Amino acid sequence: NERVLAARLADAKFFFDEDRKTRLEERVKKLSGVIFHQKLGTMGQKEERLVQLVSVLTPAIGASDHPNLLNACRRAAQLSKADLLTGIVGEFPELQGIMGGEYAKHDGEPEAVSQAIREQYLPKALEGELPQSLAGLVLSLADRLDTIAGFFHVGMIPTGSEDPFALRRHATAIVRIILEKNLPLRLRQFIAHARGLLVGGGIKGTADSEQQGRQRVADFLFERVRHYGRTVHALRDDVMEAVLRAAASSGPIDLVDLL
């Protein structure tokens with residue numbers, strides 16, 4: 001056991017030392033050569049969408065008391081996927097995000113940026129820890145919203161027990177972050193914005209109309225709201241159904257108000 005562990009730690013030390021010779025910022029341009037999904041383009045395209053998504057999400061959470069937050073969120077989104085190209089994440093994939101935060105700190109990025117990169121994949125489980133920083137919350141929301149909107153846009157929607165891209169877990173994370181952090185987000189407009197970035201980026205979707213596409217994503221998130229209300233707050237299904245049906249046909253969706 002000691003020999004095996006010593007060898008793994010030696011590998012990690014080697015990759016850690018080698019990775020630090022190249023700044024995260026220099027790795028970003030190479031993301032255009034990494035496929036996110038064959039129907040959804042590259043990680044470079046995803047990174048560009050994230051920068052634009054956090055730009056509209058940040059003001060919406062009422063961050064006027066934090067004047068540097070928008071810049072931190074944009075910078076964190078720009079660097080968020082760069083650690084996928086490091087040797088240590090290639091060898092230890094479970095460290096993605098964590099090492100990105102460490103390397104950002106080593107590169108002299110602000111603490112808000114490095115912490116947001118570390119927290120972007122939180123919560124990792126249904127009842128896992130949520131991001132603690134505002135920038136981390138925004139980046140996590142943007143990343144998951146882009147992923148859900150993207151797969152729905154190309155028609156890869158979970159059915160029954162099939163959910164190969166863990167979209168239900170992503171949706172539950174969005175619901176938990178918004179409700180447990182009491183964020184006043186108008187969800188429908190951000191769904192529309194996420195879909196607009198996909199279309200604007202040249203990602204070909206299904207034949208659904210724009211309204212149908214947005215409603216599919218909203219319904220999917222409502223399904224997770226029902227599950228959350230049932231399991232966490234012991235709310236009655238018929239009461240939730242009445243509220244959600246009314247909300248589905250109205251304008252903006254504020255999950256905190258709905259709950």
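The second largest pocket of this predicted model is lined by L126, E127, T172, R176, E180, R224, H227, Y228, T231 and V232. The space in this second largest pocket comes to about 170 Å³, and its lining divides into three nonpolar, three polar and four charged residues. Helix 9 and helix 11 (210-232) each supply at least two residues of that lining, with the largest share, five residues, coming from helix 11.

One of the lining residues of the second largest pocket, R224, also takes part in a salt bridge, since its side chain meets that of E223 at 3.1 Å, N to O. R224 counts as buried because its relative accessibility is 14%, whereas E223, with a relative accessible area of 31%, is partly exposed. Elsewhere, salt bridges that share partners join K46, R49, K81, D143 and D146 into one network. The structure as a whole holds 23 salt bridges. In general terms, side chains of opposite charge can pair when their charged atoms come close.

E25 is a residue that appears in two of these pairs, as it forms a salt bridge with R23 and another with R75. The pair of R75 and E25 links distant parts of the chain, with R75 placed in helix 4 and E25 in helix 2 (residues 24-28), 50 residues apart. E25 is partly exposed, with a relative accessible area of 38%, and R23 is likewise described as partly exposed, at 30%. R75, by contrast, has a relative accessible area of 18% and is therefore buried, the cut-off for that word being under 20%. The table sets out three of the salt bridges with the distance between their N and O atoms.

| Nitrogen partner | Oxygen partner | N to O distance |
|---|---|---|
| R23 | E25 | 3.9 Å |
| R75 | E25 | 3.5 Å |
| R224 | E223 | 3.1 Å |

The largest pocket holds about 390 Å³ of space. Of the 16 residues that line the largest pocket, those closest to its centre are K81, Q96, Y121, D143 and H170. Two of these names, K81 and D143, also belong to the salt-bridge network that includes K46, R49 and D146. The lining of the largest pocket is made up of five nonpolar, four polar and seven charged residues. Helix 3 (43-60), helix 8 (134-153) and helix 9 (167-180) each contribute at least two residues to this lining, and helix 8 gives the most, with three residues. Helix 9 thus has a part in both pockets, as it also supplies at least two residues to the lining of the second largest pocket.

A last site to consider is S80, which is placed in the loop between helix 4 (69-79) and helix 5 (87-91). Is S80 buried or exposed? S80 is buried, because its relative accessible area is 0%. A polar atom of the S80 side chain lies 2.9 Å from the backbone oxygen of A77. Leaving aside residues up to four places away in sequence, S80 touches L50, I117, Q120 and L139. Of these contacts, L50 falls within the residue range of helix 3 (43-60) and L139 within that of helix 8 (134-153), and both of these helices supply residues to the lining of the largest pocket.

Technical notes
Residues numbered from 1 in each chain as written. Predicted model: local features only at pLDDT ≥ 70, side-chain atom pairs only at ≥ 80, totals over all residues. Heavy atoms only, no water. Helix = DSSP H or I, 4+ residues; strand = E, 2+ residues; numbered from the N terminus. Buried < 20%, exposed > 50% of the residue type's maximum accessible area, 1.4 Å probe, protein only. Polar contact = N/O pair within 3.5 Å; in protein donor to acceptor, adjacent residues only side chain to side chain. Contact = heavy atoms within 4.5 Å. Salt bridge = Lys/Arg side-chain N within 4 Å of Asp/Glu carboxyl O. 1 Å grid on protein atoms, 1.4 Å probe; cavity = no way out; pocket = protein on both sides within 12 Å on 5 of 7 lines; lining within 4 Å. Points joined across faces, edges and corners; volume = space filled by probe spheres on them. Nonpolar A, V, L, I, M, F, W, Y, C, P; charged D, E, K, R; others polar.
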